[in-house]
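Q: Could you take me on a close look at a single part of this structure, and show me how that part sits in the rest? I work at the bench, so plain words are welcome.

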Number of protein chains: 2
Amino acid sequence: MTTATAFASAPTATRSIGRTPAVAFERHDEIGLAELQAHVPAVRRKIAQGQYLYRAGQPFAALFLVNTGCFKTCELAEDGREQVTGFRMRGDLVGVESIGLSQFACDVVALEDGEVWELPYPPMLTACLRIPVLQARLTSALAEEVRRDRLWMLALGTLGAERRVAAFLLDLAERHARLGFSGRHFILRMSRADMASYLALKHETVSRALSRLDALGHIAVQRREIRILDADGLRHGAEAVH
Amino acid sequence: MTTATAFASAPTATRSIGRTPAVAFERHDEIGLAELQAHVPAVRRKIAQGQYLYRAGQPFAALFLVNTGCFKTCELAEDGREQVTGFRMRGDLVGVESIGLSQFACDVVALEDGEVWELPYPPMLTACLRIPVLQARLTSALAEEVRRDRLWMLALGTLGAERRVAAFLLDLAERHARLGFSGRHFILRMSRADMASYLALKHETVSRALSRLDALGHIAVQRREIRILDADGLRHGAEAVH
DNA sequence: AACGCTCGGTAACGGACTGTAACCGGCGTG
DNA sequence: CACGCCGGTTACAGTCCGTTACCGAGCGTT
């Protein structure tokens, strides 16, 4: 629920996350990766499971467009507090939170072997000046990131543990479906601890919630394998915390 | 803790929010309001207490730069869930979350009588194409908004009620100080309920936390009047939730 | 002054989530 | 195989915060 999806080379589909049906620029205006490469010298990069795509403090010089694999972004405070703030997959633009800084502002870790396109930022900026559509797209991607974070803040603040887990699964399912895969059956790329951190819960609580949703017949869980049985049940399962 | 501060006509000061000391473009590169007006047809607008600056669903056509007063932004879901996602004051850019949409994505309400500069968005975009510094500044403002939201997500997920309240007060104090006012003595512009919503707590809990911080000698509270007595005490008061 | 309303503070109780701990299964290694 | 390790699940007790309720201060209306 926290991702900037831009320049996606995935199948075109109308999106409908929360209350944000309208998209700034029509789908046909979208600059695909191919066209993007014509203006920005993109470089392929492979990242092995467990490796950092980047770490807080490293010099910021590029954005990354995820091609394959799954990544988690981790926010960490000086006092040791730490939290996963999002999961990034194919089509997601990574690094936007560090724009305007000289150093990256958070950590990004590969949850499995993956590949990204490295998009040098200064060239990207100058390209934006010459190509209005690109400029609009980058700005929109940033704004969308803000909206997604806000929506997730709302979820964190208003939903109980079980509904948070349910909402998370639904979000994963939708993103999965948007990439052309099944929206009813998928594999979790992250550990219970990562989910818990993102959901602001303890991993035991996540386990309990998953077990409960399974018992209710809304999903079928087996380790990291998830099957959505009753999406509506997930959505309206329990009531808001108030 | 959730605000895009850009084009601020406030006294220049080095900022140090969380772990983001470096700013993309040096302070002297910053485009002030005066220069901004040379390129974008800004319009003054007064908003009375309790009035909406804009509501979700209204056509999006402009950003707003807060001149005076204080505003709250409210995120709301279809199912009735609702939460304050930030407070905006002088120098803050409002509306960035709606960029790329045809309609505004949230509600913004005036907590007191105030005044804003209305910055028509399409002209702003074209101006960005002609003026690289403006473009960089807008993009940075958006990125900073993402960083602030992430930092607040971290606080929501890792801090207990009392520390959340403390962190909120410290944030307010710093923003106040950055505007040239006292960072040790200020007036809360929002009700306990608004604070509670933003902090993802109940207003009673906010009351308790304030009373406790007062009893500990960290602050002095009288209705909406806050005096910071021991900033370090506030910062390190209790430990993280873990 | 009496009334009603909103906003803020306090206290007692209960419940949801946490913290701890034990257990299980899979996997790699000695 | 035995072993330890890691990730995941489950059980139980503890705690923090939400719930409910009541009270007081400020303010506008009658």
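A: **The β5-β6 hairpin and its surroundings**

Let's begin at one pair of residues: A:Cys74 has A:Val84, in β6(A), as its bridge partner. This is a predicted model, so please read everything below in that light. The pair belongs to a longer run of pairing, for strand β5 of chain A, residues 71-76, is joined to β6(A) by six bridges, and the two strands run antiparallel. Further along, A:Leu76 faces A:Glu82 of β6(A). Together β5(A) and β6(A) make a hairpin with five residues between the strands, and in its turn A:Gly80 has a positive phi of about 95°.

It may help to recall what holds such an arrangement together. Strands of a sheet pair through backbone hydrogen bonds, in either a parallel or an antiparallel way.

Now step back to the sheet. In chain A, four strands form an open sheet in the order β3-β8-β5-β6, with antiparallel pairing. At its edges are β3 (52-54) and β6 (82-88) of chain A, each of which pairs on one side only. Direction ignored, neighbouring strands of this sheet are turned by 30° against each other on average.

Is the edge strand β6(A) buried or exposed? Six of its seven residues are buried, so β6(A) is largely enclosed by the rest of the structure. As for chain A as a whole, buried residues make up 55% of its 242 residues. The chain has seven helices and 12 strands. Among its contacts between residues at least 6 apart in sequence, 75% join residues at least 24 apart.

Chain B lets us look at the hairpin again. There, strand β5 (residues 71-76) pairs with β6(B) in the antiparallel sense, over six bridges. One of the facing pairs is B:Lys72 and B:Phe87, the latter in β6(B). Five residues lie between the strands of this hairpin, and B:Gly80 takes a positive phi near 100°. Strand β6 of chain B, residues 82-88, is mostly covered, with six of its seven residues buried.

How are the two chains related? Chain B is superposed on chain A by a rotation of 180° with 0.0 Å of shift along the axis, at an RMSD of 0.1 Å. That is the relation of a two-fold axis. Of the interface residues of chain B, 96% are also interface residues in chain A, so the copies meet through the same surface.

The side chains add another layer. The largest nonpolar core has 71 residues, and those touching the most other members are A:Leu53, A:Leu119 and B:Leu53. Apart from this core lies another, of 70 residues, which includes A:Cys74, where we began, along with A:Leu199, B:Trp152 and B:Met195. Returning to B:Leu53, its contacts beyond the neighbours within four places in sequence are B:Arg45, B:Ile47, B:Phe64, B:Phe71, B:Val94, B:Val108 and B:Val116.

Finally, a word on the cysteines. Over all chains, the structure holds zero disulfides. Why does B:Cys106 not form a bond with the closest cysteine sulfur? That sulfur, in B:Cys74, is 7.9 Å from the sulfur of B:Cys106, which is too far for a bond. B:Cys106 is also buried, at a relative accessible area of 0%, and B:Cys128 is likewise buried, with a relative accessible area of 0%.

Conventions. Residues numbered from 1 in each chain as written. Chains lettered and ligands numbered in written order. Predicted model: local features only at pLDDT ≥ 70, side-chain atom pairs only at ≥ 80, totals over all residues. Heavy atoms only, no water. Least-squares fit on C-alpha atoms with pLDDT ≥ 70 in both. Contact = heavy atoms within 4.5 Å. Pairing = 2+ DSSP bridges. Axes fitted to C-alpha atoms, helices over the stretch in contact; angles between N-to-C directions. Buried < 20%, exposed > 50% of the residue type's maximum accessible area, 1.4 Å probe, protein only. Disulfide = S-S within 2.5 Å. Core = buried A, V, L, I, M, F, W, Y, C linked by side-chain atoms within 4.5 Å.
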